[in-house]
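Let's walk through this one together, question by question. Have the viewer open as you read.

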Amino acid sequence: MEPGPPGGSRPAERGPCLSSPLGADLAASASLLSAAGAEAGRRPLAVAAVLPAGGCGERMGVPTPKQFCPILERPLISYTLQALERVCWIKDIVVAVTGENIEAMNSIIQKYQHTRISVVEAGVTRHRSIFNGLKALVEDQPNSKLCKPEIVIIHDAVRPFVEEDVLLKVVIAAKEHGCSDYDLEFGTECLQLALKYCHTKAKLVEGSPDLWKVTYKRDLYAAESIIKERISQEICVITDVKEGEENVGHLLKEVLKSELPHVKVTSGALCHARGDLQQIILKQCYNFVCVNVMTSDFQETQKLLSVLEESNLSILYPVVVVSVHFFDVKLVPLGQKMENLMSIRGFAKEVRKRNILLCGLLICYPQGEQKLQESLRQAAIIIAALIEERNSGLVGQLLIA
Ligand SMILES: Nc1ccn([C@@H]2O[C@H](COP(=O)(O)OP(=O)(O)OP(=O)(O)O)[C@@H](O)[C@H]2O)c(=O)n1
Ligand SMILES: O=P(O)(O)OC[C@@H](O)[C@@H](O)[C@@H](O)CO
């Protein structure tokens, strides 16, 4: 069988595909765990995950347990669930939270549309929480939808950046390897427990630098910047002018490309077909620059906002929309143009409720070649800052390049 994506009929990724694709060897192993393996006549390996999430986060020093602390307004645990959910060969994910947080956990699952998740009550220690999760997987409860797994991944709910390749290596190691003295010496206590009480084979697998655990307050800031960086890798420029027609909107796109070489700049048009934009949304682009060339108001931006509102794009991450406008000082005084565009405040307030961060950007046009280039460069710098920072304090503001 050709090595392909694990699962073959893999469901749409939830959130940006943040990891590099699996290597050929790992992809082949992943297919053994998934439906593709079953199609090839092999029984897929049943894998589940237990996420201990019942701690109080004493070292973080804030009243909210760290797994429920917000990062870009979404609880940390939702990022971890998203990371595991993306792995289609993990059949069930069991989360252990304290009794008082069960309702909050269920609301998180509903709000962020997580699937394949079951919630159980945590224990007084991490190991007891894990034990409760394992019990739910093996007990024959009358209404349980959980399948009895052959392998269970134990993953701290406060390690949000786990990738499919490391999970796969862990599963393969759990199936194949024995436990060495080195593993016991340098591993964590889970390894010792597995050996002592279950006589289960174990093997220490090297993780990635991103697998670190959110423990102190500074870790929340670190996690936030990693997430911001990951969702700032692509900008889609929407204009109301056809591709190929020479205009200032296309010039801005070219300047964005040259000024922000680390960012992928794509383009889309609303006038042709909404399908275009749907494709971009499906690829999970979280940043849009809407260039209003033909109309003096927000027509194009409003169209874009309604497409975004109809989509589910902003459920997981805040989406940035920069509405770009041009003004000719010889025709309209700046003050008057600003006054006309102040309606952005109303739109911004409305779409803010849907996790869309809207700002306005004014560029003087026409002006001399050199000055125009300077303004467009300034515009690119402002756009980059709005996208990288996702600062909600700037929502509804009109900036001038
Ligand atoms: N009774 C417990 C204690 C901890 N955990 C979970 O185990 C993971 C790793 O533990 P740790 O980082 O030590 O979390 P806390 O115990 O919450 O932190 P602290 O030690 O600072 O209080 C976390 O996801 C935590 O929620 C758990 O499920 N049940
Ligand atoms: O209390 P610490 O922050 O040192 O570590 C917690 C660890 O026990 C826990 O995160 C597991 O990964 C170990 O198996």
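**Domains, a helix and a ligand shell**

The chain of this predicted model is divided into domain 1 (24-227) and domain 2 (235-400).

Q: How far apart do the C-alpha centres of domain 1 and domain 2 lie?
A: Start with the two ranges, 24-227 for domain 1 and 235-400 for domain 2. Taking the C-alpha centre of each, the separation comes to 39 Å.

Q: How many residues of domain 2 are in contact with domain 1?
A: On the side of domain 1 that touches domain 2, the residues divide into two nonpolar, two polar and one charged. Those five residues of domain 1 meet a set in domain 2 that numbers five.

Q: How confident is the predictor in the chain, as a mean pLDDT?
A: For the complex, the predictor gives an ipTM of 0.95 and a pTM of 0.88. Within the chain, 88% of residues reach a pLDDT of 70 or more, and the mean is 86.

Q: Which residues have a pLDDT below 50?
A: Where pLDDT is low, the predicted coordinates should not be read in detail. The stretch in question has 27 contacts in the model beyond near neighbours in sequence. The pLDDT is below 50 over residues 1-12.

Q: Why do I344, A348 and V351 lie on the same side of α14?
A: Helix α14 spans residues 344-352, and I344, A348 and V351 are buried there. They sit on the same side of α14 because the arc they cover around the axis is only 75°.

Q: Which residues are exposed on the other side of α14?
A: The buried residues of α14 have cover that includes α12 (299-310), β10 (319-327), α13 (334-341), β11 (356-364) and β12 (398-400). Across the helix, on the other side, the exposed residues are G346 and K349.

Q: Is E121 buried, exposed or partly exposed?
A: E121 lies in strand β5, residues 117-121. Leaving aside neighbours within four places in sequence, its contacts are A96, G99, I102 and N132. A buried residue would need 20 or more other C-beta atoms within 10 Å and an exposed one 12 or fewer. E121 has 16, so it is partly exposed.

Q: Which residues are closest to ligand 1?
A: In all, 21 residues surround ligand 1. By class, this shell has eight nonpolar, eight polar and five charged residues. The closest are P52, G54, G55, R59 and S129.

How values were computed: Residues are numbered from 1 along each chain as its sequence is written. Chains are lettered from A and ligands numbered from 1 in the order in which they are written. This is a predicted model: local features need pLDDT of at least 70, side-chain atom pairs count only at pLDDT 80 or more; totals for chains, interfaces and linings use all residues. A residue is near a molecule or strand if its C-beta atom, placed from the backbone, lies within 6 Å of it. Ala, Val, Leu, Ile, Met, Phe, Trp, Tyr, Cys and Pro count as nonpolar, Asp, Glu, Lys and Arg as charged, and the others, Gly among them, as polar. pLDDT is the predictor's confidence in each residue, from 0 to 100. Two residues are in contact if their C-beta atoms, placed from the backbone, lie within 7 Å. Domain bounds come from an automatic or database domain assignment. Helices (H or I, at least four residues) and strands (E, at least two) are DSSP runs, numbered from the N terminus. The arc is that of the directions from the helix axis to the C-beta atoms.
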